[in-house]
Amino acid sequence: ETLWDREDCTMYPAVSGSWLPAARGGVELEREPAQEQEVGVQGQQLDASQNFQRKFELDEIKALAVPAQGALETAERQRTQLVVAASLVDKIPNLAGLCRTCEIMNAAELVIPSKQLSKDPIFSSIAVTADKWLPIGEVAPDQLLEYVRTMRARGWTAVGLEQTAESVSLEQYHWPAQTLLVLGAEKEGIAPTVIAELDACVEIPQYGHIRSLNVHVSASIAIWEYTRQRVVLGSGGR
């Protein structure tokens, strides 16, 4: 059962008024006949069918059946070949946020220090079931170096998100299809021993006074840039 099948599904309107559920797969919403138009910004007349916020009530989402973790690994869904290695990230809110970003951007896998962390209630609250759809791997921090070597031997390009003497701006970097994105610890970043094994390091251009972004925010920007180049611009996800 999907939200489009449910007779009690609702959508938040972009303007005031009530909406009737849309037909499956459709983008046109039928409006109750109480009000035909609303006055918008600067007195403009708004057709309520022009724009709307595509979100559902949280209770409706929770009512849906959720798949077992990793269920989409065997489904007919072509993921990108971006693997995000977050073995050095130990704060649960950051890991949960990364999980959500990776799922939304259709990454191949998120690697975390321990799968046990994904069972924490805080993780579940922030990830909002993303962990049920996204393949999640486990690599302990002390095993990251060997993991990077193994992935490179299998054909992945290891890219560190770190400010180094040779790092390039992430929008200038040509992201390979098979990319292993390595993230650093919240304060210490990526250890020199790991940096020495990477194929490249990318950094985010910054124009403020402080030098760094939160690791989840930084990773989300990098994941989007990979997606923009490989998927949006047509380079392909495979």
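## Aromatic pairs

A search of the whole structure, which is a predicted model, finds two aromatic pairs. In one of them, tyrosine 173 and tryptophan 175 meet edge-to-face, with 5.4 Å from centre to centre and 85 degrees between the planes. Tryptophan 175 also pairs with tyrosine 226, again edge-to-face. Here the centres are 6.3 Å apart and the planes stand at 90 degrees. Tyr173, Trp175 and Tyr226 thereby belong to one aromatic cluster.

Where in the chain do tryptophan 175 and tyrosine 226 lie? Tryptophan 175 is in the loop between strand S9 (168-169) and strand S10 (179-182), while tyrosine 226 is in helix H7 (residues 215-232). The two positions are 51 residues apart in sequence, so the pair ties together separate parts of the chain.

## Burial of the cluster

Are the rings of this cluster buried or exposed? Tyrosine 173 and tryptophan 175 are both buried. For tryptophan 175 the relative accessible area is 0%. Tyrosine 226 is likewise buried, with a relative accessible area of 0%.

## Salt bridges around helix H5

Side chains of opposite charge can pair when their charged atoms come close. Five salt bridges are found in a search of the whole structure. One of them joins glutamate 146 to arginine 149, with 3.8 Å between the closest N and O atoms. Both residues of this bridge are in helix H5 (residues 144-153), where they are three residues apart, or about one turn of the helix. Glutamate 146 is partly exposed, at a relative accessible area of 47%. Arginine 149 is also partly exposed, at 37%.

Arginine 149 has a further partner in glutamate 197, and the closest N and O atoms of that bridge are 3.4 Å apart. Glutamate 197 lies in the loop between helix H6 (192-195) and strand S11 (200-203), whereas arginine 149 is in helix H5. With their positions 48 residues apart in sequence, this pair therefore ties together distant parts of the chain.

## A shared network

Glutamate 197 forms a salt bridge with arginine 152 as well, the closest N and O atoms being 3.9 Å apart. This pair too links distant parts of the chain, since arginine 152 is in helix H5 and glutamate 197 in the loop between H6 and S11, 45 residues apart. Arginine 152 has a relative accessible area of 32% and is partly exposed.

Which residues are joined into one network by salt bridges that share partners? They are Glu146, Arg149, Arg152, Glu197 and Asp199.

## The second largest pocket

Rolling a probe the size of a water molecule over the atoms shows where empty space is left. The second largest pocket has a volume of about 450 Å³. Its lining consists of 21 residues. Nearest the centre of the pocket are Leu161, Glu162, Ser212, Leu213 and Ser218.

Strand S11 and helix H7 each contribute at least two residues to the lining of this pocket. By residue class, the lining divides into seven nonpolar, eight polar and six charged residues.

Conventions
Residues are numbered from 1 along each chain as its sequence is written. This is a predicted model: local features need pLDDT of at least 70, side-chain atom pairs count only at pLDDT 80 or more; totals for chains, interfaces and linings use all residues. Side-chain values use heavy atoms; hydrogens and water are left out. A salt bridge is a side-chain nitrogen of Lys or Arg within 4 Å of a carboxyl oxygen of Asp or Glu. Helices (H or I, at least four residues) and strands (E, at least two) are DSSP runs, numbered from the N terminus. Buried means under 20% relative accessible area, exposed over 50%, partly exposed in between (1.4 Å probe, protein chains only). Rings of Phe, Tyr and Trp (its six-membered ring) pair if their centres lie within 6.5 Å; planes under 30 degrees apart count as stacked, over 60 as edge-to-face and the rest as tilted. On a 1 Å grid over the protein atoms alone, a cavity is a set of points where a 1.4 Å probe fits but cannot get out, and a pocket is an open set with protein on both sides within 12 Å along at least five of seven lines; lining residues have an atom within 4 Å of a point. Grid points are joined across faces, edges and corners, and a volume is the space filled by probe spheres set on the points. Ala, Val, Leu, Ile, Met, Phe, Trp, Tyr, Cys and Pro count as nonpolar, Asp, Glu, Lys and Arg as charged, and the others, Gly among them, as polar.
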